[in-house]
Amino acid sequence: MPVLTRLIPSPVVVDIRPGALDDLACVLADERISHSGKLAIAVSNGSGARLKERLAPALPGASWYEVGGGTLDDAIRLAGDIKAGHYDAVVGLGGGKIIDCAKFAAARVGLPLVAVPTNLAHDGLCSPVATLDNDAGRGSYGVPNPIAVVIDLDVIHEAPARFVRAGIGDAISNISAIADWELAHRVKGEKIDGLAAAIARQAGEAVLRHPGGIGDTGFLQVLAEALVLSGIAMSVSGDSRPSSGACHEINHAFDLLFPQRAAAHGEQCGLGAAFAMYLRGAHEESAYMAEVLRRHGLPVLPAEIGFTDDEFVRVVEFAPQTRPGRYTILEHLDLTTDQIKDIYADYVKAIGS
Ligand SMILES: [Zn+2]
């Protein structure tokens, strides 16, 4: 009997629970990750300093690096700082910017990365992509998947609510991204990776249908797992397709047209997904998505993140240019400015205020 399977690039350790940080030293002592105990730990100078105080006694072989921000220059600087250290692994301990910097730096010096996110703002915590600000605005860089992911839900409870809520928008947007993938399959014959689609869709649906909120540990568990699974779905398919469609083109357009005013990634993606579902004629799904986003305190109208209706129309019009080659409902409909205005007005009526 022929046995044909494939290996899925995925972390060797995924530890998501309250108190997980207390066992971080044990995870890092796993010989597959670090046999000498020499680790380069990237932290922010904000909340990272407190975590350093807490964790340093258990990690005597670690060197701590404060990372300024989330730019390509910060990541290159970090890689330069750690390349002379003979480390076994790099640990990214902090929010999305720290994780992305650590991912890029680890890839550059050829070391495995352990991701220890302190918020749940987006699905980059376990994905093969590092998002960094560069001279052209913002870029996505391909990197290996983390070798381990440790998420302490007690730490997540302490994170600013906005950076936890935002992850809900990013997770839910998977549903719209998969609908775009299916559209590209029907119209353009693009191949769908069924396993990647299944993982990403189930992650999105679990968050969409969960009755809880960010104050509940049970909900945070599902949200954190959904974000990790979204990252793994991207590794399975080899690109961001399972978690990024028109929703993310709209998000990128916000970032590129209004770099100073852009909101959180997950906030923009959630709004983008609710609107993209409306565009594709899935009006009930769009209304339900909007209702859930609202229940979590996430934006469903541009005014809720400080943009006018006309600015949003510009964003939608510009969005297809942000991901050339990616076929979504936006490229499919190829709307004129007036058509976008009309559909947007219908969307506003449909979701109510
Ligand atoms: Zn995203």
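This report looks at a zinc site and at how two domains meet.

The model is predicted, so local features need pLDDT of at least 70 and side-chain atom pairs count only at pLDDT 80 or more, while totals for chains, interfaces and linings use all residues. Residues are numbered from 1 along each chain as its sequence is written, and side-chain values use heavy atoms, without hydrogens and water.

**The zinc site**

Let's start with the metal. Two OD atoms of Asp 170 hold the zinc ion together with NE2 of His 248 and NE2 of His 265, at 2.1 to 2.7 Å. Donors here are N, O and S atoms within 2.8 Å of the metal (3.2 Å for Na, K and Ca). Along the chain, the donors follow the spacing D-x77-H-x16-H. Asp 170 belongs to helix 6 and His 248 to helix 9, so this pair ties together parts 78 residues apart in sequence. Helices are DSSP runs (H or I) of at least four residues, numbered from the N terminus.

Are these two residues buried or exposed? Both are buried, meaning under 20% relative accessible area with a 1.4 Å probe, protein chains only.

| Residue | Relative accessible area |
|---|---|
| Asp 170 | 0% |
| His 248 | 5% |

**Two domains**

An automatic or database assignment gives domain 1 (13-158) and domain 2 (161-351). Their centres, taken over C-alpha atoms, are 27 Å apart. The contact (heavy atoms within 4.5 Å) takes 21 residues from domain 1 and 27 residues from domain 2.

One salt bridge is counted between domain 1 and domain 2; the term means a side-chain nitrogen of Lys or Arg within 4 Å of a carboxyl oxygen of Asp or Glu.

Note on methods. Helix = DSSP H or I, 4+ residues; strand = E, 2+ residues; numbered from the N terminus. Buried < 20%, exposed > 50% of the residue type's maximum accessible area, 1.4 Å probe, protein only.
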